[in-house]
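Hello! Here are some notes to read alongside the structure, set out as numbered points. I hope they help you find your way around.

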Amino acid sequence: MGEKIINIGENLKKELPTEPKIEVAVEESESEPLQITAETILREVIKKEIVSKIQENFKKRNLTEELPAEEEKSEKRAALEFEYLRHNLLLSNILDKVTERGILGSVKKDWHIIMEEIRGELSQLAPESQAAVEEAIEEMFQKRQKIEEHLRNIESDEIFSELIGDGKKHRPKGTVSAKTLGDILTVYLPNKLDFAKVYSQSAAVSEENIKESSKVGGFTHNRRFKELGDVDVIVFPGSAYKSMLSHEVAHRISYRLFEENAPSIQEVKRSEYSEPRRLLDDVFIFWTTNKLKDELWNLTLEGLMHYDNSPEKNVEKILSKHTDFLLKQEKKGLYDYPEQENPGILKKLKELFPEEDSESLENLYQEYSSRYYEFAAHQVDFVKKQMSELKIQWMRYDFLNLLRFEDIWKWQRVPRFLKTIGKNFDALKEKWGFDSESVIRALNEKRFCSKDEFFGQYAYWGYNLDSVEALMKADDTTRAFVLLQWANYISKQRKGALNQ
């Protein structure tokens, strides 16, 4: 579960341009000094790397006044979209390895171990981006050591008090245990009253508070500790499965990389908004772009992990169990943001716009709530449909990672890009020097990352993938994923050979 504070965010991401005369749509930005904090550096890396790759691709196109033929336009568009998705998967691989080994895994002290494991992927980035990632990982390990040192010198009731956050001393009724996942502090509170107090960030909790918190399997927030400064914290009501750990860790990573800093709704002023709709527009964007995207992405990841370990091989059925309750607003579901935030937002609307009729404001809020539920239902159905159409599990994970780097309002373009790439498979494979032997090696490498027991690694096209003809039997989306995986694989191999 994400932050409990209501924030207002603006959708600042730009549409990936794909039309012929496109250079004017991408602006050259001045280089900003690298920021060394883990909370900001990878966001800058992602943004700058994607922009620079797109610009590099534009420069190579050498467009003239004469418009290219339709098939040439299709190939150029496919090449641009291929580079965009390939790059996002490259960044996803780096992020996944750092998460799996440096945060959830067993690497405790030596950050150079992680660096060696991602060296192949890093070698494909610009030198300044490689340095930025290296600094971010080093800082993560330094902060972990600082937190662990603090835990050795602090009493459990002090940790408990810091988590409640009211500046007073509180003694827990149950046992408090804490450890680090990377530089994230993970706290386990098996006593339900203790958990309710931390969840509510208040020592005064009612039966309703306890009832609400009992629905929660874990939640994340950013807490300021007196001795440590800002610390990402995950709190669980007792022990947690790895899927739940992964879910909450992914929340913190999403918060670091993708959520825009914005003032809380309590700080909003009338001068910033000319009418109630303008304020609700921003609230709606935050509900969808930050909160819904984060929860839906994480719940889908959790569903895929359950699919890996379940005898049930209907992925849509498994995902339904994880995602459908996002839509149960009439039952006051856990992620029912319009219902949860109704009192605070309506209070602020009435305070800012006293000339407006209260009933009109409530009706307007209901209008935006209905729009949210309609949008959420559409996105949930989209994810389940796309995942069920992909017949190999590692492709589902890759598809999900591509969604992670997209604004939720643009998710529908990802399958469109994949189909365009698949339709232009011949032109793209020739450009990259396609050969079936290296494809097999690339897919064997992927198999060890994510294995689908039901379909088998290559059953969708025939197990012996020893020729381009065999691959051509696959659908466009499957061919696109194979081409993306293979291109990243051979790029890594070539860079490694050059560096030796």
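How many contacts beyond four places in sequence does the model have for residues 448–467, where pLDDT stays under 50?

1. **Confidence at one stretch.** The model has 48 such contacts for residues 448–467. Please keep in mind that this is a predicted model, and that pLDDT remains under 50 throughout those residues.

2. **Confidence over the chain.** Mean pLDDT for the chain comes to 78, with 76% of the residues reaching 70 or more. Residues 1–39 have pLDDT below 50, and the model gives this stretch 110 contacts beyond near neighbours in sequence. When you look at either of these stretches on screen, it is worth having the confidence values beside you: below 50 for residues 1–39 and under 50 for residues 448–467.

3. **The sheet.** Now to the strands. Four of them make an open sheet with mixed pairing, in the order β1-β2-β4-β3. Strands β1 (177–181) and β3 are at the edges; each has a single partner strand, so one side of each lacks a neighbour in the sheet. From one strand to the next, the twist averages 35 degrees.

4. **The parallel pair.** Strand β2 (residues 184–188) runs parallel to β4, and 5 bridges join the two. To find this pairing in the viewer, look for Val 187, which stands opposite Val 235 in β4.

5. **A helix on the sheet.** Helix α5 (residues 127–152) packs on this sheet and touches β1, β2, β3 and β4. The direction of α5 makes about 165 degrees with that of β1.

6. **The hairpin.** β3 and β4 form a hairpin, with 3 residues between them. Their pairing is antiparallel and extends over 7 bridges, with β4 covering residues 229–236. Arg 224 has Asp 230 in β4 as its bridge partner.

7. **Edge strand, yet mostly covered.** Is β3 (residues 219–225) mostly covered or mostly open? Mostly covered: 5 of its 7 residues are buried. This is the β3 that stands at an edge of the sheet with a single partner strand, and helix α5 is in touch with it.

8. **A backbone detail to check.** Gln 201 is not a glycine, yet its phi is positive, at about 50 degrees. You will find Gln 201 in the loop between α7 (192–200) and α8 (207–213). Gln 201 is partly exposed, with a relative accessible area of 34%.

Notes
Residues numbered from 1 in each chain as written. Predicted model: local features only at pLDDT ≥ 70, side-chain atom pairs only at ≥ 80, totals over all residues. Heavy atoms only, no water. Helix = DSSP H or I, 4+ residues; strand = E, 2+ residues; numbered from the N terminus. Buried < 20%, exposed > 50% of the residue type's maximum accessible area, 1.4 Å probe, protein only. Pairing = 2+ DSSP bridges. pLDDT = per-residue confidence, 0-100. Contact = heavy atoms within 4.5 Å. Axes fitted to C-alpha atoms, helices over the stretch in contact; angles between N-to-C directions.
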